[in-house]
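Me: I would like to go through the labels used for this model one at a time. Please set each value against its definition before drawing a conclusion.

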Amino acid sequence: MKVVGLMSGTSGDGVDAALVEIRRNKGGLRVAMLAAHALPYPRSLQQRIVAASVSGTVADVCHLNVLLGEWFANAALGVIRAAAVQLQDVDLIGSHGQTLHHLPQGIKDVKVGAIRSTLQIAEPAIIAERTGITTIANFRPRDIAAGGQGAPLTPAVHALLFRHRRRARLIVNLGGISNVTYLPKGSGYEGIVAFDTGPANMVLDGLMAWYSKGRMAMDRDGRLAAKGKVDSRLLAKLLAHPYLSQSPPKSTGREVFGAKMIDELTTMPQARQLTIEDLLATCSRWTAEAVGTVRRWITGGIDEVIVGGGGVRNRAIMQHLADVFAPTPVAPFESYGWDSKAFEAVAFAVLAYQTAMDQYGNIPSVTGAAHPALLGCIVPAGPGWIERLRRRAKK
Ligand SMILES: Nc1ncnc2c1ncn2[C@@H]1O[C@H](COP(=O)(O)OP(=O)(O)O)[C@@H](O)[C@H]1O
Ligand SMILES: [Mg+2]
């Protein structure tokens, strides 16, 4: 099957799209990437998304849901064009949507007990309408309904594509938030430990926006961070953040590491004397050390660390990761034949495929769900969609 995956994470930097070809074989799935395409949001749209995710009105969210549906549809059309594949040859789209809010800690509510919730927008009806392709979206809520946090969901895909018989691997995704998947030697889902480790690009981007009064969105390539020095007093204070010592299952987002964090951070006595370079260097180190906390919750060793997400392009974070895990080698997804920026999009293509094939997508021990679940809501392309998918699945 040819499947498009669409993703936009907590950074709100734009839509990443991937077109993959998925085949089932004896051992599992074979996934080949046909094309990747990034559709960055203009800065003003990114700012609207970030603002809406903190204090948007219902009208803002209602409007953005459909507006982003158009952006996601364009990203899907863009990646299909980039692969020079005909629209009618694409079987399925898996859209993660744009994360707007994530409340994984149970909030007590009247008569129903603790409620966990998450909100991804980018209306899948628009994507299906514009492309004519059956679209699966809203993957997280079913896991939440089953008692989980709805996140992280990529570990099942990491297991399918990266698990190795003789090598224990740590997969790291440096998005707005960073998450890890530990894959011990072996196969299946046995022994996997995965969770959001906390700070990553969201903090660095937030510092840059604060420093430049909104003119700069990121520390490109980690150039400023590379010029700074890690401040051990500030680092110690940051490493004491309670999220880092919380045991998995855990997941987090802008609610914890967004604007509030930047306000706190920039007014800490340990931070006020520091230059922007030193602040960025210290927070890059914090990101890497937070990833390193995974060693508290795994029993075996790590033979290799494989890193994806936009943060791979930040040389300061990559250098700190290499220091934190030395002598274990740290390499980007590219060294394993995958595109760092597009991998999460690949993951949602695979998760859509799994749902279409009647396969569970979550790992209950990772999300905290009571049982494996079929993930997503399906928007059919049009009449005959089920027969078409069945026919394609049998081939
Ligand atoms: N050249 C670069 N240099 C430094 N950071 C980068 C670069 N390119 C992307 N990034 C960082 O990666 C982030 C986006 O990564 P991504 O994996 O898309 O995260 P998310 O899943 O949260 O959207 C950007 O916000 C930016 O901070
Ligand atoms: Mg992104």
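Me: Why is K213 called exposed?

Reply: A residue is exposed if 12 or fewer other C-beta atoms lie within 10 Å of its own, buried if 20 or more do, and partly exposed in between, with C-beta atoms placed from the backbone. K213 has 7 such atoms within 10 Å, so it is exposed. K213 sits in the loop between α6 and α7 (223-227), where helices (H or I, at least four residues) and strands (E, at least two) are DSSP runs numbered from the N terminus. The model is predicted: local features need pLDDT of at least 70 and side-chain atom pairs count only at pLDDT 80 or more, while totals for chains, interfaces and linings use all residues. Residues are numbered from 1 along each chain as its sequence is written, and chains are lettered from A and ligands numbered from 1 in the order in which they are written.

Me: What makes the backbone of K213 worth a remark?

Reply: Most residues other than glycine have a negative phi, and most peptide bonds are trans. K213 is not a glycine, yet its phi is positive, about 50 degrees.

Me: Is D221, in the loop between α6 and α7, buried or exposed?

Reply: D221 has 12 C-beta neighbours inside 10 Å and therefore counts as exposed. Phi of D221 is also positive, near 60 degrees, in a residue other than glycine.

Me: Which peptide bond ending at P249 is cis, and where is P249?

Reply: The bond from P248 to P249 is cis, with omega near 0 degrees. P249 is in the loop between α9 (242-245) and α10 (254-257). Another cis bond runs from A326 to P327, with omega near 5 degrees, and P327 belongs to the loop between α14 (315-325) and β11 (330-332).

Me: Why is T10 called buried?

Reply: T10 has 26 other C-beta atoms within 10 Å, so it is buried. T10 lies in the loop between β1 (2-8) and β2 (14-25).

Me: What does T10 touch, not counting residues up to four places away in sequence?

Reply: Two residues are in contact if their C-beta atoms, placed from the backbone, lie within 7 Å. On that basis T10 touches T99, G175, G176, I177, M202, G253 and R254, leaving aside residues up to four places away in sequence. The C-alpha atoms of T10 and R254 are 6.7 Å apart, although 244 residues separate the two along the chain.

Me: How do you know that L68 is buried?

Reply: L68 has 26 C-beta neighbours inside 10 Å and so counts as buried. L68 is part of helix α2 (residues 58-82). Residues up to four places away in sequence aside, L68 touches Q98, I121 and A122.

Me: Why is ligand 1 said to lie between domain 1 and domain 2?

Reply: Domain 1 (2-150 + 342-394) and domain 2 (156-336) both give residues to the shell around ligand 1, so ligand 1 lies between them. The domain bounds come from an automatic or database domain assignment. A residue is near the ligand if its C-beta atom, placed from the backbone, lies within 6 Å of it. There are 22 residues around ligand 1, and G9, G175, G176, N201 and G310 come nearest. Helix α6 (residues 201-211) gives the most to this shell, with 3 residues.

Me: How do the residues of that shell divide by class?

Reply: Ala, Val, Leu, Ile, Met, Phe, Trp, Tyr, Cys and Pro count as nonpolar, Asp, Glu, Lys and Arg as charged, and the others, Gly among them, as polar. The shell around ligand 1 then has 2 nonpolar, 12 polar and 8 charged residues.

Me: How far apart are the C-alpha centres of domain 1 and domain 2, and how many residues does each give to the contact?

Reply: The C-alpha centres lie 24 Å apart. The contact takes 28 residues from domain 1 and 25 residues from domain 2. The side of domain 1 that touches domain 2 has 11 nonpolar, 14 polar and 3 charged residues.

Me: Why is the largest nonpolar core placed between the two domains?

Reply: A nonpolar core is a set of buried Ala, Val, Leu, Ile, Met, Phe, Trp, Tyr and Cys residues joined through C-beta atoms within 7 Å. The largest has 111 residues, and V4, L6, A76 and A349 have the most contacts inside it. Domain 1 and domain 2 both give residues to this core, so it lies between them.
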